[in-house]
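Colleague: I'm new to this one, so could you take a close look at a single part with me? Pick the stretch that the database record marks out, and then tell me how the rest of the chain is put together.

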Amino acid sequence: MSKSIRFYICLAVALSTLYETDGYASDVVTRCLYSSIDMHGAEFIQSYTFNKVEHLRFNSTVGEFVGYTELGLKNAKRLNRGQEVVQMRGELERLCKPNADIHYRAILDKTVEPHVRLSSVTPPSGRHPAMLMCSAYDFYPKPIRVTWLRDGREVKSDVTSTEELANGDWYYQIHSHLEYTPKSGEKISCMVEHISLTEPMMYHWDPSLPEAERNKIAIGASGLVLGTILALAGLIYYKKKSSGVL
Ligand SMILES: *[C@@H]1O[C@H](CO)[C@@H](O)[C@H](O)[C@H]1NC(C)=O
């Protein structure tokens, strides 16, 4: 596993309170963010939101309330002088630590390998006539690295990628594109690194016709052969019949 991927996982422990009246909504969301099971880098975050705007947040790494709006700034100042901030500073120990074990066992220590597909797609009208897409599906957790290699060397230019897209079922997918001008004899590969894999996985592009195309041609060719045989048989039958042999 390459060191460049930092394994970072978040778990929102929803201790969320929502108040709603006459189109105004106010909510408080409490989160424990875990980076590793030993609690290294863990954070306790409490966010105060009014009408979808977060105006105030306690972040355990900062150690005090931070305001983001006029209302938030005023409240941060008040809360940081009182008992609230003292209690908040204890929440990482009190709430997040004892629960870490449960969350890791239930979800956070699970890893699922991506299914990777390499395909040729139509390039946007650009500098290059060809484009490949490397898609990784259904992996968990979110951090992943998809890179392109051309004859073993990493390609950085003409590469675009989506974000890691959440499927909504805990899994993620990502699509990386490489625009290129084909050269004969070159080898293009897509490399995928993920915590579920013991080593980076390589997928090599085979520029010969894709299987679906090969199948179409094979089916078409068989049809042609069969058709010709039937036509010939029919012709012979007709000839013999009309010449009175049958
Ligand atoms: C908490 O604060 C630290 C230090 O400023 C920052 O690096 C981190 O991203 C913050 N976490 C959140 C969830 O905002």
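Modeller: Let's go to residues 217–238, which the unreviewed UniProt entry lists as "transmembrane region". Keep in mind that what you're looking at is a predicted model. Over residues 217–238 the chain is 100% helix, with 0% strand. From one end of that stretch to the other, the C-alpha atoms are 31 Å apart.

Now zoom in on leucine 232, which sits in helix 4, residues 211–242. Is leucine 232 buried or exposed, or something in between? Its relative accessibility is 48%, so leucine 232 counts as partly exposed, given that partly exposed runs from 20% up to 50%. Leu232 also has company on the surface: together with Leu235, Ile236 and Tyr238 it forms a nonpolar patch. Those four residues add up to about 430 Å² of accessible area.

Next, the rest of the chain. The domain assignment gives domain 1 as residues 11–108 and domain 2 as residues 115–204. Taken over C-alpha atoms, the centres of domain 1 and domain 2 are 36 Å from each other.

There are 2 disulfides in the structure. One of them pairs cysteine 32 with cysteine 96, with 2.2 Å between the sulfur atoms. This pair links distant parts of the chain, 64 residues apart: cysteine 32 belongs to strand 2 (residues 24–33), and cysteine 96 to helix 3 (residues 91–108). Turn the view along the S-S bond and you'll find -85 degrees, a left-handed link. Cysteine 32 has a relative accessible area of 1%, so it is buried. Cysteine 96 is buried too, at 0% relative accessibility.

The other bond joins cysteine 134 to cysteine 190, S to S 1.9 Å. Here cysteine 134 comes from strand 7 (residues 130–139) and cysteine 190 from strand 13 (residues 188–193), so the bond ties together parts that are 56 residues apart in sequence. The torsion about this S-S bond is about -80 degrees, which makes the disulfide of cysteine 134 and cysteine 190 left-handed. As for cover, cysteine 134 is buried at 1% relative accessible area, and cysteine 190 is buried at 0%.

If you number the bonded cysteines in sequence order, the pairing reads 1-2, 3-4.

Key: Residues are numbered from 1 along each chain as its sequence is written. This is a predicted model: local features need pLDDT of at least 70, side-chain atom pairs count only at pLDDT 80 or more; totals for chains, interfaces and linings use all residues. Side-chain values use heavy atoms; hydrogens and water are left out. UniProt positions are given in the numbering used here, feature names are shortened, and annotations may be inferred rather than shown by experiment. Helices (H or I, at least four residues) and strands (E, at least two) are DSSP runs, numbered from the N terminus. Domain bounds come from an automatic or database domain assignment. Patches are made of residues with over 30% relative accessible area and no salt bridge: like charges are joined within 9 Å, nonpolar side chains (Val, Leu, Ile, Met, Phe, Trp, Tyr) within 5 Å. Accessible areas come from the Shrake-Rupley method with a 1.4 Å probe; for residues, only the protein chains shown count as cover. A salt bridge is a side-chain nitrogen of Lys or Arg within 4 Å of a carboxyl oxygen of Asp or Glu. Buried means under 20% relative accessible area, exposed over 50%, partly exposed in between (1.4 Å probe, protein chains only). A disulfide is a pair of cysteine sulfur atoms within 2.5 Å.
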